Amino acid sequence: MIGEFSAFRSFRVLELFLSCAYFSTMESAKFRLGRKGRGAQSNSGCRFESETREACDDGWGNLEDELPAMRTTVQLDAARGIITRNQSPDVPFDRSINPYRGCEHGCVYCFARPSHAYLGLSPGQDFESRLFAKPEAAQLLREELRRPNYRCRVIALGTNTDPYQPVEKSMRIVRGILEVLAEHNHPVGIVTKSALILRDADILAPMAVKRLAKAYISVTSLDRDLSRRMEPRAPTPTLRLRAVRELSAKGIPVGVLLAPVIPGLNDGDIERILRAAAEMGATSAGYVLLRLPLEVMTLFKQWLSAHFPAKAKKIMSLVRQSRGGVDYDPQFGARMRGEGIYADLIAQRFNLACRRFGLNKRSWELETNLFAVPSRIGDQLRLF
């Protein structure tokens, strides 16, 4: 695997060299690298690279011409462990599983984009098109659950990249993970934008009966056009709400997640989304204010300039008003909700709408006392 990554890094250096031979800095053209079906407008280098790339007209072609579609590739990630732990006070879990690195949904605002920089790749279009999968996830999970010092807590799926992105349909890594968790009565919480979660309802429904599973469907807008621009390869809002209805009908507790709420762009949809979700059977809801860490800040501004040039200045002004005058505040306690008058207004609207539509009336705590340590061949000999 080390050899593979060395070769990959060498290829990346060559790619950057060739790219820089073609692209140079020109302010008037820097947002014209958008690809059809992709969220990011550029594929600029990561923070660990010394080169940056921006488009300019070199006389050989027209920058207005549509660039060819970008093909999605999947490489194997030879992970040694599968459970990631965190100590963040902003999230209600201390461990998660991410079956994939990168996400083909292409959500321009995704706070996970900067993680691709650790692979020597761009958090821009590389994040959406160069994916890494962990096919051994189920077996790694089984081994980690067997460790003598393991203590059962809810495992979250979908905290970094979407577990049900398009590649999961064929790779079925998440299904393997759920089979292990169901076998050993381990609780799981899932966040996704995809209706593909319905494929695994046959596993999740029996787990829900034991209070071992719950799901959140992320809905950022009911406007199909806006949703397509923000999340080009994610299912439509209609399909996501249908997934809420069908999960609820199967007895699986389901909520809706408004993430992110973008001031001046989709915040007008808060009440409509919550009402629609409640009508479909959702019992809980949450939201996260737009976060712009590291390279996401530049990518989001490029996207705004390309798709909403007349609104871009106002939107960023509202973002800064909600972040103490800066584009992003990473402090715990503030990064998820923001601060200031506008952020407080969003919180008040959200809470009032939840009360109005009967959401968040009760908490759904998952059961951790049913967990059974996975067994393997030879374990029964310990009895003698």
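Modeller: Let us begin with a definition: the expected span of a helix is 1.5 Å multiplied by one less than its number of residues. Please keep in mind that this is a predicted model.

Biologist: How many residues does helix 10 have, and what distance separates its end C-alpha atoms?

Modeller: Helix 10 covers residues 295-307, which makes 13 residues. The expected span is therefore 18 Å, and the end C-alpha atoms lie 19 Å apart, which agrees.

Biologist: Which residues of helix 10 are buried?

Modeller: The general idea comes first. An α-helix has 3.6 residues a turn, so residues three or four places apart point the same way. In this structure, the buried residues of helix 10 are Glu295, Val296, Leu299, Phe300, Gln302, Trp303 and Leu304. Against what do they pack? Their partners are helix 7 (224-230) and helix 11 (312-321).

Biologist: Turning to the sheet, in what order do the strands stand?

Modeller: The order is 2-3-6-7-8-9-10, in an open sheet of seven strands with mixed pairing. Strand 2 (83-85) and strand 10 (284-289) are at the edges; each has a single partner strand, so one side of each lacks a neighbour in the sheet. From one strand to the next, the twist averages 25°.

Biologist: How should I read the pairing of strand 7, and which strands does it join?

Modeller: On one side, strand 7 (residues 188-192) runs parallel to strand 6 (residues 155-157), and three bridges join them. Ile155 has Val188 as its bridge partner, and Ala156 stands opposite Gly189. Strand 7 also pairs with strand 8 (residues 213-218), in the parallel sense and over five bridges. There, Val191 of strand 7 faces Tyr216 of strand 8 as its opposite residue.

Biologist: How many residues of strand 7 are buried?

Modeller: In a regular strand the side chains alternate between the two faces of the sheet. Strand 7 is mostly covered, with four of its five residues buried.

Biologist: What does the largest nonpolar core contain?

Modeller: In soluble globular proteins, nonpolar side chains tend to be buried together. Here the largest nonpolar core has 64 residues, and Leu141, Leu178 and Leu274 have the most contacts inside it. Beyond its neighbours within four places in sequence, Leu141 is in contact with Ile82, Ile83, Ile97, Ile155, Ile177, Val180 and Leu181. Another core, of 23 residues, lies apart from the largest one; among its members are Cys107, Tyr109, Trp303 and Phe308.

Biologist: Where is Ser227, and is this residue buried or exposed?

Modeller: Ser227 is found in helix 7. Ser227 has a relative accessible area of 3%, and because buried means under 20%, this residue is buried. Residues up to four places away in sequence not counted, Ser227 touches Pro232, Pro237 and Arg240. The C-alpha atoms of Ser227 and Cys107 are separated by 9.3 Å, although the two residues are 120 apart along the chain.

Biologist: Why does Asp269 count as buried, and where is Asp269 placed?

Modeller: The same kind of reading applies: Asp269 counts as buried because its relative accessibility is 8%, and the cut-off is under 20%. Asp269 is placed in the loop between strand 9 (254-261) and helix 9 (270-279). Neighbours within four places in sequence aside, Asp269 is in contact with Ser221, Leu222 and Asp223. With Ser221, the side chain of Asp269 makes a polar contact of 2.9 Å.

Biologist: Let us end with the backbone. Which residues other than glycine have a positive phi?

Modeller: Arg211 is one of them, with phi near 60°. Arg211 is in the loop between helix 6 (201-209) and strand 8, and is partly exposed, with a relative accessible area of 31%. Asn360 is another, with phi also near 60°. Asn360 lies in the segment after helix 12 (341-356) and is partly exposed at 37%.

Biologist: Which peptide bond is cis?

Modeller: The bond from Ala259 to Pro260 is cis, with omega near 5°. Pro260 belongs to strand 9.

Methods: Residues are numbered from 1 along each chain as its sequence is written. This is a predicted model: local features need pLDDT of at least 70, side-chain atom pairs count only at pLDDT 80 or more; totals for chains, interfaces and linings use all residues. Side-chain values use heavy atoms; hydrogens and water are left out. Helices (H or I, at least four residues) and strands (E, at least two) are DSSP runs, numbered from the N terminus. Buried means under 20% relative accessible area, exposed over 50%, partly exposed in between (1.4 Å probe, protein chains only). A polar contact is a pair of N or O atoms within 3.5 Å; within protein, one must be able to donate a hydrogen and the other to accept it, and residues adjacent in sequence count only if both atoms are side-chain atoms. Contact means heavy atoms within 4.5 Å. Two strands pair if DSSP finds at least two bridges between them. Axes are lines fitted to C-alpha atoms, for helices over the stretch in contact, and angles run from 0 to 180 degrees between N-to-C directions. A nonpolar core is a set of buried Ala, Val, Leu, Ile, Met, Phe, Trp, Tyr and Cys residues joined through side-chain atoms within 4.5 Å.
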